[in-house]
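Have a look at the model below, and keep the viewer open while you read. The report takes you through its sheets, its empty spaces and its aromatic rings.

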Amino acid sequence: MKLSKYLIPTLKELPADADTLSARLMLRAGLIRKVAAGLYEWLPLGLRVLKKVEQIIREEMDRVNGQEVWLPVLQPRELWDETGRWQVYGKELVRLKDRKDTDFCLAPTAEEVITDLVRREVRSYRELPLLLYQFGTKFRDEIRPRFGVMRAREFYMKDAYSFHADEADLGRMYQDVFEAYNRIFSRCGLAFRPVEAETGAIGGNFSHEFMVLADTGEETIASCEVCGYAANVERAEALPPHVKDEDDMADIEEVDTPDTWTVEDVARLLKVSADKMIKTLFYVADEKPVVALVRGDHELNEAKLQRLLDAKILHKASDEVYQQTAGCDVGYAGPVGLNAVIVADHAVSDVVNGVSGANKKDKHLININVGRDYKPSRYADIRKVQEGDLCPRCQKTFLFHKGIEVGHTFMLGTKYSQAMRAGFLTDKGEKTPFVMGCYGIGVSRIVAAAIEQCHDGNGIIWPEHLAPFDVIVLPLNVSEPALMTTAEKIYHDLKAKGLAVLLDDRDCRAGVKFKDADLLGIPWRVTVGEKKLAVGKAELKKRSSSEIEDVDIDQVTERVSSAKFLGNDISIDENAIIK
């Protein structure tokens, strides 16, 4: 392809509204253009990368006997009503009506549609297991779209669903897909880590997220370098404190704290440390109020609380519910004398002579103690792990990393099949629900995550499997016939070797060509200039290296093609998987 005929509208200036490095580089390199908040056009260069990711995924899904289907984006409400998710999914679900006033939604996922398909077509255990997957556009009405294509309202993903006769068969398939995901992200040239995760709105009993490690990631991963345990902070288990506070219990006392309610301000006023404070947090779980207690230096993990309560919907209580339950203004509640269901984090049980709100405006209690002054309904691990916490498996200190979620696998069990009466006949002729798995990959997210991980100050450095072109040929003076003849011969010879080649035939300064080549991130650059050509040489440079090599003109094609990975290897790069 000749660059002069190719739509690659590079930008010199940084886009003002791009809030991540990948978004800035994707816009500057002409991969995408923004249409509206969270909506992007994929231009030719960006689409080439997207399709390379798609093909890697397709090959690996086929390798584990996946069968590709194409499911509708427009989904009828009646299927979502069967699972109860029409009401539960929330405002992210894009709802609309057709001309007959029938309710539909734009697919954010496809559990209902695929379960409906299989319940109509699969009858017997002999047809199981079954793994179906698709590539398609998904829609989620993000309240605040950000991070370019990584948190957009419209995005491209692969979602797969498996159907089984029992949990053991699901376990085997889950492991097969888990290993396929390792191969996918390794082939994409990414450093990544699979971690235990919350199942969220998809549901199920167990799940893993696949995280691309990047300092700019919005997710936090807690990991143990000794035993290998890893989980995102929503899932990571927190051990109770090992050392109990040995202070003697003092008499409870009410103190004045005028216009002071935050942990930091109260601790400062009363001259106590944050770990002596008891935060009293009000929530509503499936329309029932519940109070959560955590230590002042800890943060409540809402996902853990929701899972503990087995609640379909959990949200912070309104000021009205707070005041009705506590009998005071927001900010002054505490567990003493509180008539409510109280769930306390394990760490709260070790706080001696603690501090909390007094359930009165401008008042706090000091020297409160569990057992004597208040009794939680139950204790549980409901906080987020943090620096200094220990691994629940081997008691070594956690390390924390930033990551970008690019894949998620779920053991769904029978959540959807039971709700939708989707089942099969066993070998005994009994009707039983399918046991299901679900496996997603953000195809467009991988493109952005690769850039977040693979770049320098000059632009993108594509992993070779994902690069839109393998080689860019730069003739420095297009008005010189001999130079152009040589550049075009190299261009055609490289193409004949099966490489994707871009010829920068633009009539512009050499500096512009070099800057654009670095910005685009194409793995190999062949530069044909008059001085080197006069001695039968061309310059060869790998984008990821600062070294420039002079190569005989007649050796350029062989040199590049022998070094270039052609994309047909399916081995795993073990160094890419962060243990």
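What follows is a short tour of selected features of this predicted model.

**Two open sheets**

Let us begin with the strands. Strands of a sheet pair through backbone hydrogen bonds, either parallel or antiparallel. Three strands of this model make an open sheet with antiparallel pairing, and their order is S4-S6-S5. Strand S4 (74–76) and strand S5 (94–97) are at the edges with a single partner strand each, so one side of each has no neighbour in the sheet. From one strand to the next, the twist averages 40°. If you zoom in on S4 and strand S6 (residues 103–106), you will find three bridges between them, in the antiparallel sense. One residue pair to pick out there is Gln75 with Cys105, its bridge partner in S6.

A second open sheet has five strands, in the order S28-S27-S29-S30-S31, and its pairing is mixed. Its edge strands are strand S28 (501–503) and strand S31 (548–552), each of which pairs on one side only. Here the twist averages 25° from one strand to the next. Inside this order, strand S27 (residues 471–475) and strand S29 (residues 524–528) run parallel and are joined by five bridges. Leu474 has Thr527 as its bridge partner in S29.

**A cavity and a pocket**

Now for the empty space. Rolling a probe the size of a water molecule over the atoms shows where empty space is left. How many cavities of 30 Å³ or more are there? The count comes to one. The largest cavity has a volume of about 40 Å³, and its lining consists of Ala517, Asp518, Ile522, Arg525, Lys541, Lys542 and Arg543. At least two of the lining residues come from helix H13 (510–520), and at least two from strand S30 (537–542). S30 also belongs to the five-stranded sheet described above. By class, the cavity lining has five charged and two nonpolar residues, with no polar ones.

The second largest pocket has a volume of about 540 Å³. It is lined by 23 residues, and the closest to its centre are Lys279, Thr280, Leu281, Tyr322 and Gly331. Two elements give two or more residues to this lining: strand S14 (278–285) and strand S18 (354–357). Which of the elements gives the largest share of the lining? That is S14, with six residues. Sorted by class, the pocket lining has twelve nonpolar, seven polar and four charged residues.

**Aromatic rings and charges**

The rings come last. A pair of aromatic rings is described by the distance of the centres and the angle of the planes. Over the whole structure, a search finds 16 aromatic pairs. Ring pairs also link Phe178, Tyr181, Phe185, Phe192 and Phe210 into a cluster, which you can select together in your viewer.

Charged ends sit over rings as well, and the table gives two cases.

| Charged residue | Ring | Charged end to ring centre |
|---|---|---|
| Arg48 | Phe469 | 4.0 Å |
| Arg95 | Trp86 | 5.1 Å |

The second case takes you back to the three-stranded sheet: Arg95 has its charged end over the ring of Trp86, and the range of edge strand S5 is 94–97.

Definitions and conventions
Residues numbered from 1 in each chain as written. Predicted model: local features only at pLDDT ≥ 70, side-chain atom pairs only at ≥ 80, totals over all residues. Heavy atoms only, no water. 1 Å grid on protein atoms, 1.4 Å probe; cavity = no way out; pocket = protein on both sides within 12 Å on 5 of 7 lines; lining within 4 Å. Points joined across faces, edges and corners; volume = space filled by probe spheres on them. Helix = DSSP H or I, 4+ residues; strand = E, 2+ residues; numbered from the N terminus. Nonpolar A, V, L, I, M, F, W, Y, C, P; charged D, E, K, R; others polar. Phe/Tyr/Trp six-rings, centres within 6.5 Å; stacked < 30°, edge-to-face > 60°. Lys NZ or Arg CZ within 6 Å of the ring centre and 35° of its normal. Pairing = 2+ DSSP bridges. Axes fitted to C-alpha atoms, helices over the stretch in contact; angles between N-to-C directions.
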